[in-house]
Amino acid sequence: AAPHGFRALDCDSVRHYVAARPPLQQRVGPPASVDSWTVREVGDGNINFVFIVEGPAGALCIKQALPYVRCVGESWPLTQDRVRIETEALAEEAAVCPEHVPAVYLYDKAMCLIAMRYLAPPFIILRRGLVAGATYPRLAGHLAAFLASSLFHTSAIKLNTTAFRQKQAQFANDEMCRLTEQVIFTEPYIKADNNHWTSPQLDADVAALQSDVAAKVAVSRLKAAFVGQPQALLHGDLHTGSIMVTAEETAVIDPEFAFYGPIAFDVAKILANLLLCYFSLDGHEAAAGAGSRQAQREWLLATLRDTWTGFVAAFTRLWDAHGGAGDLYPAALAGPAGGPVLAALQADFFAQLWGETVAFMGAFVIRRLVGIAHVADMDSIADADTRAACERRALHFGRRMLVEAAAGFTSIEALAEAAVAA
Ligand code: ADP
Ligand code: SR1
Ligand code: MG
Ligand code: MG
Ligand code: MG
């Protein structure tokens, strides 16, 4: 049940909500100007409602969680505690990389809402920018920095294990994790009412996936890691629809799925979504003309490579500087940065992380083609045969990543080359 005092807002009631709270009201305009404020509901995500309030002094963003999944309706109830999780995860991220998250102005527990900075145009959702053909030269560096800092500082490489376990309890996020377990790691591999795909073009491909023993084993291994491998506080839903960009800046929004899980989950989710965009480009080029997306294609592959290599480099720098204080690899055991023990520990850590990242990438590509939630990168290809050709190529490459993992893809460069050849 919704908390006592909860009511769902609409554009009109949002205006009054903001006007009645001086710290919010002052950001938008003086009380006398309230009637001239504009309010728009802009939520284009699957789960929540998002309002932008603008007035003479400025603007702010209000995100409210209703007690169900927006894209499904009241038949899929969902905990509104997800707003607390999002607020507390944004605070954790802001503590280590404030330049990459929106400032939070207010968390209202009873109303299940957050008031935060409005990321005004030219900020755009990355997925939308990519579908429109844009490139973002600073994106890889920003993603690498966000991933490394948010994941390292919440891991037991940095923290003592008492603090680490306390944070795990704080971010248990059971219902949101169960949603992920269902829609990412189970449903695409079975017959499920939520599933859909470009039909009839992909019917045989989906039937093959759903009777693919190796894929079922591989995805079950990933689900076990998701459930039983708490390594760091994850964002939990780091796809290209959770990132807002300009030519200069990158802001990560929407960490309502945050929980303690495998580091590879976050790294893989963003890489997989870049790859989904890459595989969609043939379809967009078919409509816009041969060669029209070639520069974007090359930039996407470079961004894929640079995000992974930049993440490893940044995480290693943080580990060298701060790892000795944490309980996982204490200085007494690991020795100094540059020494043989720490170098061996780091090599072992990143080798395992790479294999898990490739496999998770496979699962994330597959769920967006077969499961409940698809991506605009593919959906915006109007011609169904053209779209299906892009999706089939992605689906088969996703299956390869899922099943072969590090054995099939020895490096990010090899993976990028294989995507080109797929
Ligand atoms: P959901 O949890 O439903 O996916 P999101 O947090 O992803 O919701 O927000 C949905 C949409 O609302 C985003 O795609 C974006 O267009 C807009 N949005 C969310 N937060 C902001 C913000 N701080 N500034 C500007 N637009 C935002
Ligand atoms: C009901 S599934 C909706 C999906 O959208 C969110 O962004 C998550 O990715 C979730 O799996
Ligand atoms: Mg979202
Ligand atoms: Mg969300
Ligand atoms: Mg995904």
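Modeller: Helices (H or I, at least four residues) and strands (E, at least two) are DSSP runs numbered from the N terminus. This is a predicted model, in which local features need pLDDT of at least 70 and side-chain atom pairs pLDDT 80 or more, while totals for chains, interfaces and linings use all residues. Residues are numbered from 1 along each chain as its sequence is written, chains are lettered from A and ligands numbered from 1 in the order written, and side-chain values use heavy atoms, without hydrogens and water.

Biologist: Which helix gives the most to the lining of the largest cavity?

Modeller: A cavity is a set of points on a 1 Å grid where a 1.4 Å probe fits but cannot get out, and lining residues have an atom within 4 Å of a point. The largest one has a volume of about 30 Å³, and its lining includes Arg-82, Val-83 and Glu-86. With three residues, the top contributor is helix H3 (residues 82-96).

Biologist: How many residues of that lining are charged?

Modeller: Besides the H3 residues, the lining of the largest cavity has Asn-48, Lys-63, Ala-65, Ile-114 and Glu-256. Asp, Glu, Lys and Arg count as charged; Ala, Val, Leu, Ile, Met, Phe, Trp, Tyr, Cys and Pro as nonpolar; the others as polar. The lining divides into three nonpolar, one polar and, as charged, four.

Biologist: Where does the largest share of the lining of the second largest pocket come from?

Modeller: A pocket is an open set of points with protein on both sides within 12 Å along at least five of seven lines. The second largest has a volume of about 250 Å³, and of its 18 lining residues Ile-157, Gln-231, Leu-328, Tyr-329 and Phe-349 are the closest to the centre. By class the lining holds 10 nonpolar, five polar and three charged residues. Helix H6 (161-170) and H13 each supply at least two, and the largest share, six residues, is from H13.

Biologist: At what angle do H7 and H13 pack?

Modeller: Helix H7 (residues 174-186) offers Val-183, Ile-184 and Phe-185 to the contact (heavy atoms within 4.5 Å), and H13 (residues 340-370) offers Phe-360, Ala-363, Phe-364 and Arg-367. Six of the contact residues are nonpolar, none polar and one charged. The axes lie 8 Å apart, and the angle is about 90 degrees.

Biologist: Which residue meets Arg-128 in a salt bridge?

Modeller: A salt bridge is a side-chain nitrogen of Lys or Arg within 4 Å of a carboxyl oxygen of Asp or Glu, and the whole structure has 19. In this pair the N to O distance is 2.7 Å. Arg-128 is in helix H4 (residues 126-131), and its partner is 84 residues away, in the loop between strand S1 (38-41) and strand S2 (49-55). That partner is Asp-44.

Biologist: What is omega for the cis peptide bond of Pro-121 and Pro-122?

Modeller: Pro-122 sits in the loop between strand S7 (113-116) and strand S8 (124-125). The bond joining Pro-121 to Pro-122 is cis, with omega of about 15 degrees.

Biologist: What is the phi of Cys-112?

Modeller: Cys-112 lies in the loop between strand S6 (104-108) and S7. Cys-112 is not a glycine, yet its phi is positive, at about 55 degrees.

How values were computed: Axes fitted to C-alpha atoms, helices over the stretch in contact; angles between N-to-C directions. Points joined across faces, edges and corners; volume = space filled by probe spheres on them.
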